[in-house]
Structure formats: C-alpha cells, structure tokens
Amino acid sequence: KIEHLKLFASRRAFDIEGLGEKQIELFFEKEWVKEPADIFTLEARNNKIKLEEVEGYGETSVRNLFHAIEQRREISLDRFIFSLGIRHVGETTALALARGYGSWKAFHDACLKVAKSDEEATAEMDALDQIGETVIASIAAYFGESHNRGIVERLTRQVTILDAEKPKTDSAVAGKTVVF
C-alpha cells in the first residue's frame, strides 16, 4: 500500500510537491493516508490531525503541502491511469489507453466490462496499439476486485480527470512515417 501511495504521488503520476517517501510513510503509519483519496481529504481532516504539531512541519510547510495537493486535483487521463498502479501499465501503456478511449468514463466502462469477461470490450481493448493480452489480463484483475473499484470510485470523487489530447492532425508530418 505504501509503495502504491509513493507511485501515486510521484513525479510521473500526480506529482505532488512536498509529498515524498518520508511523508507518505509517516502519514500511512499514523493512519492519516491509507489510500490515494485520503491525500485529497487531508486538509479537511487537519483540525483532528494537527499536522502543524508534527516534528518537521511548521505552519508554512503545511500550507505549502495543502496548496500542492489542491494544485493536483486536475490530472490528465494518461497520468491518472498510470497513477492507479495497475500491473503492466506503465507510462507508455497508460498513454496508449488514454488516447484509445479519450475519456475517463469510456476507459472506466471498458475496464469494468473487461473485468466481467465481455468479449467485445476485450477485443476492442486488444485492438489498441501497444495493448496485448498481458495488459488486458492485468486490467481485468485490477477492476475485478471490489477493493480496487472502491479505491478508484473514492479517488474520482476528489479529482477532475481531463480527457486525453488527440494527436495533432494538422501538421506537415501527421499520419506519415518519417525515417532518418
């Protein structure tokens, strides 16, 4: 769980400044942050937690941390998919999935269908560039667990997931293969 939280807050995922390994380990140990959604409710729960009283945290550093968390409430679809920590879904695969589905709703719906062994949804995902059986099996396993679906649902209530950017089609090299 700690490793997933570290991945979640890492530079390549949500990139939350001031929330590194030590902070995540401390917050997990004190049971303030058990899953990604808890990061976004920290400020609201701070009157009970009193983070300012923890050694190494002053009023300014707490304010900066909460500001950094607020700044990350909006995230691109590919980074969000990567941040879930699905086995075999790295940055490149997450980008391919984001571009293939375009929106969180489309991706999420497809994942739920794949988890229920929907042949059409599985074939559709398999048709995406760079997506194969291993990735599909990992996505099915991840979304097949109610625990993971709960984590995702609670997280999506806290953040805004931006639709994937479509590759540019109006450039001189769009749709062409360039060989050097």
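**Exercise 1. Find where Phe180 sits in this predicted model, and work out whether it is buried or exposed.**

Step 1: Place the residue. Phe180 turns up in the segment after β2 (160-162).

Step 2: Check its accessibility. The relative accessible area of Phe180 is 96%. The cut-off for exposed is over 50%, so Phe180 counts as exposed.

Step 3: See what it joins. Together with Val173 and Val178, Phe180 makes a nonpolar surface patch of about 400 Å².

**Exercise 2. Work out which residues of helix α1 are buried, and what they pack against.**

Step 1: Go through α1, residues 2-9. Leu5, Lys6, Phe8 and Ala9 are the buried ones.

Step 2: Look down the helix axis. The buried residues of α1 fall within an arc of 160 degrees, so they line one face of the helix.

Step 3: Look across from that face. The packing partners are α2 (21-29), α3 (36-40), α6 (77-83) and α11 (146-156).

**Exercise 3. Take the loop between α1 and α2 and trace the salt bridges of Arg12 and Asp15.**

Step 1: Recall the idea. Side chains of opposite charge can pair when their charged atoms come close.

Step 2: Start with Arg12. Its partner is Glu91, with the closest N and O atoms 3.1 Å apart. Glu91 belongs to helix α7 (residues 91-101), while Arg12 is in the loop between α1 and α2, so this pair links distant parts of the chain, 79 residues apart.

Step 3: Check the cover on this pair. Both ends are partly exposed: Glu91 has a relative accessible area of 41%, and Arg12 has 48%.

Step 4: Move on to Asp15. This side chain meets Arg72 in a salt bridge at 3.6 Å, N to O. Arg72 lies in the loop between α5 (59-71) and β1 (74-76), so the pair ties together parts that are 57 residues apart in sequence.

Step 5: Check the cover again. Asp15 is partly exposed at 24%, and Arg72 is partly exposed at 29%.

**Exercise 4. For the salt bridge between Glu35 and Arg154, say which parts of the chain it links and how accessible each residue is.**

Step 1: Get the distance. The two side chains meet at 2.6 Å, N to O.

Step 2: Locate both ends. Glu35 is in the loop between α2 and α3, and Arg154 is in helix α11, 119 residues apart.

Step 3: Compare accessibility. Glu35 is buried at 12%, whereas Arg154 is partly exposed at 33%.

Step 4: Round off with the network. Salt bridges with shared partners join Glu3, Lys6, Glu21 and Glu25. The full count is eight salt bridges.

Note on methods:
Residues numbered from 1 in each chain as written. Predicted model: local features only at pLDDT ≥ 70, side-chain atom pairs only at ≥ 80, totals over all residues. Heavy atoms only, no water. Buried < 20%, exposed > 50% of the residue type's maximum accessible area, 1.4 Å probe, protein only. Helix = DSSP H or I, 4+ residues; strand = E, 2+ residues; numbered from the N terminus. Arc of directions from axis to C-beta. Contact = heavy atoms within 4.5 Å. Patch = residues over 30% accessible without salt bridge, like charges linked within 9 Å, V, L, I, M, F, W, Y side chains within 5 Å. Areas by Shrake-Rupley, 256 points an atom, 1.4 Å probe, with all protein chains shown as cover. Salt bridge = Lys/Arg side-chain N within 4 Å of Asp/Glu carboxyl O.
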